[in-house]
Amino acid sequence: MTVLFDADRDLTALVADLLATTQHTSEWRSDLDRGLWDQLAELGLTTLLSQQGAGWAEAAVLLEAAASHGRAVPTTEHDILAGWLLEAAGEHDRLEGLVVPATVDAAGGAPVVPWAPRADHVVILSPDAWVHLVPGSFAVRTEHTDLAGRPCGAVLLPAGAGPGTPVPAHTAQVLLLRRRLARCVEITGAMRGAVDLAVAYAGERQQFGRPLTAFQAVQHLLADAAAEQALAAAATRTALGLVEVHAAGPDGVTPDVARAVTIGCSVVSRALGTVSRNTHQVLGAMGTTVEHSLQAVLRPALAWRAELGDVVALERSLGKAALAHHGRLWDWLTG
Amino acid sequence: MKQTLPRPLPAVLEDDHLRRLRTEVRAFLVEERTLGRFEPRVNSWMDGWDPEFSRHLAEQGYAGMTVPPEYGGAGRTFLERYVVTEELLAAGAPVAAHWFADRQVAPALLASGTDEQRTQLLPGIGSGTLSFAIGMSEPDSGSDLASVRTRAARLDDSSWSLSGTKVWTSGAHRADRLLLLARTAPRDPESRHAGLSQFVVDLATRGIVVRPVVSMDGEHHFNEVVMDSAVVPASCLLGVEGEGWKQVTAELGFERSGPERFMSAHPLLEETGRGPSTDASELGRTLARTQALRGLSMSVAAAITDGADPRVHASYIKLLGTQHEQELVETASLTADHGAGVPPPNLVRGLLTRPTYSLRGGTNEVLRNIIAREIGVRR
């Protein structure tokens, strides 16, 4: 019996309805829509993984949909990361309001934590694997806006924060993997939204007495973007499926799950290059303005891609692993 | 925002059964190589014609896999066939002799053939002993396949008289049969796809001449097939007269989505991918993309197993896959340093066959048109 991994259709429809009223604010900044967040929280959609007993397939539905609409819904931070970290520290009932995670360095600092300035609490993971839950107002030192217009904070573990709770040594590694996987889902969703916007625009915008879709060059830009998005979606779904089936054991991340997520990061990152280039090309000058919603979808995607880290280094690690394997590259790939 | 992109296909995760099958095939191929029965070859599904190997493969149950047992086949799923096929291609095994029969003629016979045709032809396909060439393109009809002019005229005794020229007919100089697309009714400008039919033609029929078309790598697999009032019995008509276009488009899903669309140059990657100047990040990026293409291709195989027709996903695979194959050859070419020596044959093969990758079975340009139509930007 072959395991197939697919998203739940009813949930997909529900989430699509909730996000259908896209209110593009024409603002450079992207702030938390508290009303939407509370509405989603009421339905349990902001805690699918951490509290509702749902799986990655369900969580991915919301992540992907929100990203495709350019809606700022920090469920990666709250549900997938903070919720999981609190669970690991035995404090899962502390997940209320908005909680975001921060992995600090030896000096106790994390310079760029998305949504920290809006968080009720920050759950901090220190290098020696201790978890602290700190009120947002105490943890956030300075605030700035990232390339996506999101409020980010420089977080510092307060001196009087207390000892915290110890967690397994591999926690940081697993947290990073969860972050990368969630971002792959979100970027894939953003790419879908970008192509949808470009397709709609190309059908409406007229030049030379006909819509842009009359020009094969434009059709082909969109076809290439659709194909890349599909490839990214396939890689992401494979990774999601593997994570679901082989949940991280007591020793942390299994090698094939880690590899699938790394592969997802590479394919998704490269696809974003093509999709953003092609959709911007179709949207013309309009698509470069704050007024148009394309940038509301793509700027977060660029910020999320930056969070993946040095993608070329990730690709290098794949190549090195393949080269270190005795036997064919193919055996390593299919193993 | 209106959602325009086709729904993604479910991801397929390999289970123990498929893994065991993969291990089996691999062991078989290692043995074949050890016995010196083949050398890994780029573009092996086009250039690697070895009837003995095909027959031997079928004996193991690795050819004609999807032919049902009642017709002498192994009755396996498309996913099982997928796993076996990609192992064969990764190894660069000589699969050309049974390739077209296995990949598209068997499904066509099962979908459209009469019981007599199935009984007559499927056992040979299942045993890897009956080879086929595909007669579709003509000198004036490449991408515009509906414009073919080969004519099949019905004679008084219900047999058919075939006249016309086919080109790019791989393997026609060695195959037993030709799956032929011909006009059985005059062309109607209002209905371009009507009046076409397919025939299963014995290539030994009088009035059929096969002329070689040598490729720039020096290989002969392409041919020109000239039919001059070649008479074939009524039983050669595949299914219902006039359904040719429908039959052909049904075959395209199988044709376009398989691993051969991104694995043609894989043997070259194995050969040169571990060189002294290997850039690990470049290799990692390439392998990641191969893996993603595999995932997409497997999803299509699973969807076809479920009776779906994932046309747009098949187009994605072919469009992205053949570019991937071409880039792989390019990287191998750019990083190769033979000094005063001879370049590896597979590198030369790669360079001289890669232009065909993005042309055969649907050009990139046509595929982009198909995708554009599916996403609503082309009528």
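Two strands count as paired if DSSP finds at least two bridges between them. By that rule, β3(A) and strand β7 (residues 151-156) of chain A pair up in the antiparallel sense, with four bridges. One contact to look at here: Ala110(A) has Val155(A) in β7(A) as its bridge partner. Keep in mind that this is a predicted model.

Zooming out a little, the pair belongs to an open sheet of three strands, ordered β3-β7-β6 (chain A) with antiparallel pairing. At its edges sit β3 (109-114) and β6 (140-145) of chain A, each pairing on one side only. On average, neighbouring strands of this sheet are turned by 25° against each other, direction ignored.

Now for a helix. α7 (residues 216-245) of chain A runs for 30 residues and covers 43 Å from its first C-alpha to its last, close to the 44 Å expected at 1.5 Å a residue. Is α7(A) enclosed or out in the open, and why? It is largely enclosed by the rest of the structure, because 24 of its 30 residues are buried.

As for the whole chain, chain A holds eleven helices and ten strands. Its radius of gyration is 20 Å, which agrees with the value near 20 Å for a compact globule of 335 residues. Some overall numbers for chain A:

| Quantity (chain A) | Value |
|---|---|
| C-alpha trace span along principal axes | about 70 × 55 × 40 Å |
| Residues that count as buried | 58% of 335 residues |
| Accessible surface | about 13300 Å², 55% of it from carbon and sulfur atoms |

Finally, among the contacts in chain A with a separation of 6 or more, 69% come from residues 24 or more positions apart.

Terms used
Residues numbered from 1 in each chain as written. Chains lettered and ligands numbered in written order. Predicted model: local features only at pLDDT ≥ 70, side-chain atom pairs only at ≥ 80, totals over all residues. Heavy atoms only, no water. Helix = DSSP H or I, 4+ residues; strand = E, 2+ residues; numbered from the N terminus. Axes fitted to C-alpha atoms, helices over the stretch in contact; angles between N-to-C directions. Expected span 1.5 Å × (residues − 1). Buried < 20%, exposed > 50% of the residue type's maximum accessible area, 1.4 Å probe, protein only. Rg over C-alpha atoms; globule rule 2.2 N^0.38 Å. Contact = heavy atoms within 4.5 Å. Areas by Shrake-Rupley, 256 points an atom, 1.4 Å probe, with all protein chains shown as cover.
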